[in-house]
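Grab a pencil and take a good look at the structure shown here. Then try each exercise yourself before you read its solution.

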Amino acid sequence: MDKIRMAVIGLGNMGKGMSLRTQPRFAEQCELVAASEPRAQTLREIGEQRPGIALYEDWRLMLEREKLDLVYIAVPPSLHRETAEAAMAKGIHVFSEKPLASSLEEAERMRAAAEAAGVVNAVHFSFPQDPAVREMRRLLLEERTVGEIESMELILEFPQWPRAWQQNDWITTRAEGGFLLEVGIHWIHMIQQLFGDIVGVRSQVDYGDGAEASETQAEAELTLADGKRIRLTGRTRGVAEERVSMVIRGRDGVVALENWRQLLAGRDEASLEPVEVAEDEGPLPMLKQVLRRIRGEEAIVYDFADGVKAQAVLEALHDPAYRDGKELR
């Protein structure tokens, strides 16, 4: 098979990372031929670091002019549907940043469009394949270190939002930003991959000043298909340090995943000790899996259907109708 011809739409943090760090690792299989970004200065900077690729301020013109096999979409969520549907209509495979869309309705439209187009479709969910999560899966579901799981807690705490490294025009908006969308969705997806679908949500979310401000505090209960419940708490005020963690308690012990990658286990929370985690990447980065799927090989890919499932939970958390508890539709 010839090299897969790839383009990047959007050159924020994720688009730059794909263009400058991830794609070059797979240069023998995948060629970055073009990139689009409305900010001319950013486009010039990428062009200086990746000479030879075609640069466009308008992604529509790029799709029209370039012969592409794959596009990586790294624009704000409100633009995901339009860009993905335009690419898929041309038979181009799509690898989209999370969340899949800015609403459940849009996400469902994207899933239907992908099915109709018959193209590879993937959401950039990588957390379930992180080494610490894979080890946590082994401890909990294979070795059953804690025995029968009795409770789970997800903690999302931030001294400031947005975080210092994460500054853009939309990250603090209710429609496209906030810690539930930007961070929580990774954990929602991981939970559904490890423990099964989330089928019920009870939530109370408080927002900052202004109708468009993102959340400052969240309290929720997520119910899994087997009846187990997960308590979610999050806030952006009144905390000294960032904490993004999950604590799982069972009859015979406790496992905690602290700040994404520090795995701990013990008889109880007072006796938690670090668990050694292999440093190998395993299936990561997810671009490797997308390229395999395009070549018709066995691959781990989280597709638009997975994106819709995560989007449904995310939307329910923000929906006042779920304040008193409700099954997902």
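Below are four exercises on this predicted model, each with a worked solution.

**Exercise 1. Work out whether the chain's radius of gyration agrees with that of a compact globule.**

Step 1: Start with the length, which is 329 residues.
Step 2: For that length, a compact globule would have a radius of gyration near 20 Å.
Step 3: The chain has 20 Å, so the value agrees with the globule rule.
Step 4: To picture the outline, note that the C-alpha trace spans about 60 × 45 × 40 Å along its principal axes. Into this go 9 helices and 15 strands.

**Exercise 2. Describe how the chain is buried, exposed and connected.**

Step 1: Check burial: 55% of the 329 residues count as buried.
Step 2: Turn to the outside, where the chain exposes about 15100 Å², with carbon and sulfur atoms supplying 43% of it.
Step 3: Now look at contacts between residues at least 6 apart in sequence: 66% of them join residues at least 24 apart.
Step 4: Finish with charge. There are 41 positive and 56 negative side chains, and the centres of the two sets lie 2 Å apart.

**Exercise 3. Classify the ring pairs made by Trp187 and say which parts of the chain they link.**

Step 1: Recall that a pair of aromatic rings is described by the distance of the centres and the angle of the planes.
Step 2: The count for this chain comes to 6 aromatic pairs. In one of them, Phe127 and Trp187 have ring centres 4.7 Å apart and planes at 65 degrees; planes over 60 degrees apart count as edge-to-face, so that's our label.
Step 3: Find the places. Phe127 sits in the loop between strand S6 and helix H6, while Trp187 is in helix H7, so the pair ties together parts 60 residues apart in sequence.
Step 4: Trp187 also pairs with Trp260, at 5.5 Å centre to centre and 45 degrees between the planes, and this pair is tilted. Trp260 lies in the loop between strands S12 and S13, 73 residues from Trp187.
Step 5: Put the rings together: Phe127, Trp187 and Trp260 form one aromatic cluster.

**Exercise 4. Decide whether Trp187 and Asp130 are buried or exposed.**

Step 1: The cut-off for buried is under 20% relative accessible area.
Step 2: Trp187 has 0% relative accessibility, so Trp187 counts as buried. Its partner Phe127 is buried too.
Step 3: Asp130, in the loop between S6 and H6, has 6% relative accessibility and therefore counts as buried.
Step 4: Who's touching Asp130? Leaving aside neighbours within four places in sequence, Asp130 is in contact with Arg261 and Leu284.

Key. Residues are numbered from 1 along each chain as its sequence is written. This is a predicted model: local features need pLDDT of at least 70, side-chain atom pairs count only at pLDDT 80 or more; totals for chains, interfaces and linings use all residues. Side-chain values use heavy atoms; hydrogens and water are left out. Helices (H or I, at least four residues) and strands (E, at least two) are DSSP runs, numbered from the N terminus. The radius of gyration is taken over C-alpha atoms; the globule rule is 2.2 Å times the number of residues to the power 0.38. Buried means under 20% relative accessible area, exposed over 50%, partly exposed in between (1.4 Å probe, protein chains only). Contact means heavy atoms within 4.5 Å. Accessible areas come from the Shrake-Rupley method with a 1.4 Å probe; for residues, only the protein chains shown count as cover. Lys and Arg count as positive and Asp and Glu as negative; His and the chain ends are not counted. The place of a charge is taken as NZ of Lys, CZ of Arg, CG of Asp or CD of Glu. Rings of Phe, Tyr and Trp (its six-membered ring) pair if their centres lie within 6.5 Å; planes under 30 degrees apart count as stacked, over 60 as edge-to-face and the rest as tilted.
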